[in-house]
Amino acid sequence: MKNSTHPGRKGRPPSEMAASHVAIMDTVYALLQEKSVRDLTMEEIARRAKVGKPTLYKWWPTKATLVLAMLCERMAPNLEKPTVLTAEESLRFRVRRLIDAFNGPFGKIVAGLIAEGQSEPAVLQEFFDRWVSPRRTATIADLQRGKNTGELRSEAEPEVLNDAIFGALYYRLLLRSGPLTRRFGEDLVEQVLRGHRSEPT
């Protein structure tokens, strides 16, 4: 007969874990409105979220992985695009959404992670692997689809087109060489794609 007083289950119930997760993500987001990624500490996150430091390190081994988790959870859904778009429409959509995000509170966080990565190569690698690479791959796939359907010329190079456009967005985010506006994004896409569109039949 099973002993009901010893169910054999360890750890907190899922509802408590979910509540703690939300509290941690809210705390990371709130603290990064007040300070830089560099100045953020796991101790402060644990204290403000009312969780133990071991809980943080169990789920996220480093501060960078925690900040990236928050970005992927809170910022990434705003970048999702409709499925029925041409390659160029998809590209323009992604550019608009990224510019909007960079001009909001997430821009400072992304810039802070990249800055942190200059002295911590592992942070930069993780930022690329978890944040940049999936979106770069998706955009390149859209552009390749444009080549396959004849929307773009056969000699167009999707990787080069992607990096020319999104590299310019990160350039303005980090170096503030000019305003990062939707108008800039539209002009940028137009300049880069000019000459790569197929001639109308």
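**Salt bridges, helix α4 and the largest pocket in a predicted model**

Q: In this predicted model, how far apart are N and O where the side chains of E34 and R48 meet in a salt bridge?
A: E34 belongs to helix α1 (residues 14-34) and R48 to helix α2 (residues 42-49), so the pair links distant parts of the chain, 14 residues apart. A salt bridge requires a side-chain nitrogen of Lys or Arg within 4 Å of a carboxyl oxygen of Asp or Glu. The side chains of E34 and R48 meet that condition, with an N to O distance of 3.4 Å.

Q: Is R48 buried, partly exposed or exposed?
A: Buried means under 20% relative accessible area and exposed means over 50%, with partly exposed in between. The relative accessible area of R48 is 39%, so the residue is partly exposed.

Q: How many salt bridges does a search of the whole structure find?
A: The bridge between E34 and R48 has already been described. Another joins the side chains of E116 and K63 at 3.7 Å, N to O. For the whole structure, the search gives 21.

Q: Which helices hold E116 and K63?
A: The side chains of E116 and K63 form a salt bridge. The two residues are 53 apart in sequence, so the pair ties together separate parts: helix α6 (residues 105-119) for E116 and, for K63, helix α4.

Q: Are E116 and K63 buried or exposed?
A: The cut-off for buried is under 20% relative accessible area. E116 has 13%, so it falls below that cut-off. K63 has 17%, so K63 too counts as buried.

Q: How many residues of α4 are buried?
A: Helix α4 spans residues 63-74, 12 residues in total, and reaches 16 Å from its first C-alpha to its last, close to the 16 Å expected. Its buried residues include K63, L66, V67 and M70. The helix is mostly covered, and the count of buried residues is nine of 12.

Q: Which residues are joined into one network by salt bridges that share partners?
A: R96 pairs with E186, the closest N and O atoms being 3.4 Å apart. R96 lies in helix α5 (residues 87-102) and E186 in helix α9 (residues 182-193), so this bridge ties together parts 90 residues apart in sequence. R96 is partly exposed at 26% relative accessibility, and E186 is partly exposed with a relative accessible area of 26%. Shared partners extend the set to E88, R92, R96, E186, E190, R194 and R197.

Q: What is the area of the nonpolar surface patch made by Y171, L174 and L175?
A: Y171 lies in helix α8 (residues 158-175). Patch residues need over 30% relative accessible area, and Y171, partly exposed, has 46%. Together with L174 and L175, Y171 makes a patch of about 310 Å².

Q: Which helix gives the most to the lining of the largest pocket?
A: The largest pocket has a volume of about 460 Å³. Of its 21 lining residues, the closest to the centre are V132, R135, R136, F166 and Y170. At least two lining residues each come from α5, α7 (121-148) and α8. With 10 residues, the helix that gives the most is α7.

Q: How far apart in space are E80 and F93, C-alpha to C-alpha?
A: E80 sits in the loop between α4 and α5. Its relative accessibility is 55%, so E80 counts as exposed. E80 and F93 are separated by 13 residues in sequence, and their C-alpha to C-alpha distance is 9.1 Å.

How values were computed
Residues numbered from 1 in each chain as written. Predicted model: local features only at pLDDT ≥ 70, side-chain atom pairs only at ≥ 80, totals over all residues. Heavy atoms only, no water. Helix = DSSP H or I, 4+ residues; strand = E, 2+ residues; numbered from the N terminus. Expected span 1.5 Å × (residues − 1). Buried < 20%, exposed > 50% of the residue type's maximum accessible area, 1.4 Å probe, protein only. Patch = residues over 30% accessible without salt bridge, like charges linked within 9 Å, V, L, I, M, F, W, Y side chains within 5 Å. Areas by Shrake-Rupley, 256 points an atom, 1.4 Å probe, with all protein chains shown as cover. 1 Å grid on protein atoms, 1.4 Å probe; cavity = no way out; pocket = protein on both sides within 12 Å on 5 of 7 lines; lining within 4 Å. Points joined across faces, edges and corners; volume = space filled by probe spheres on them.
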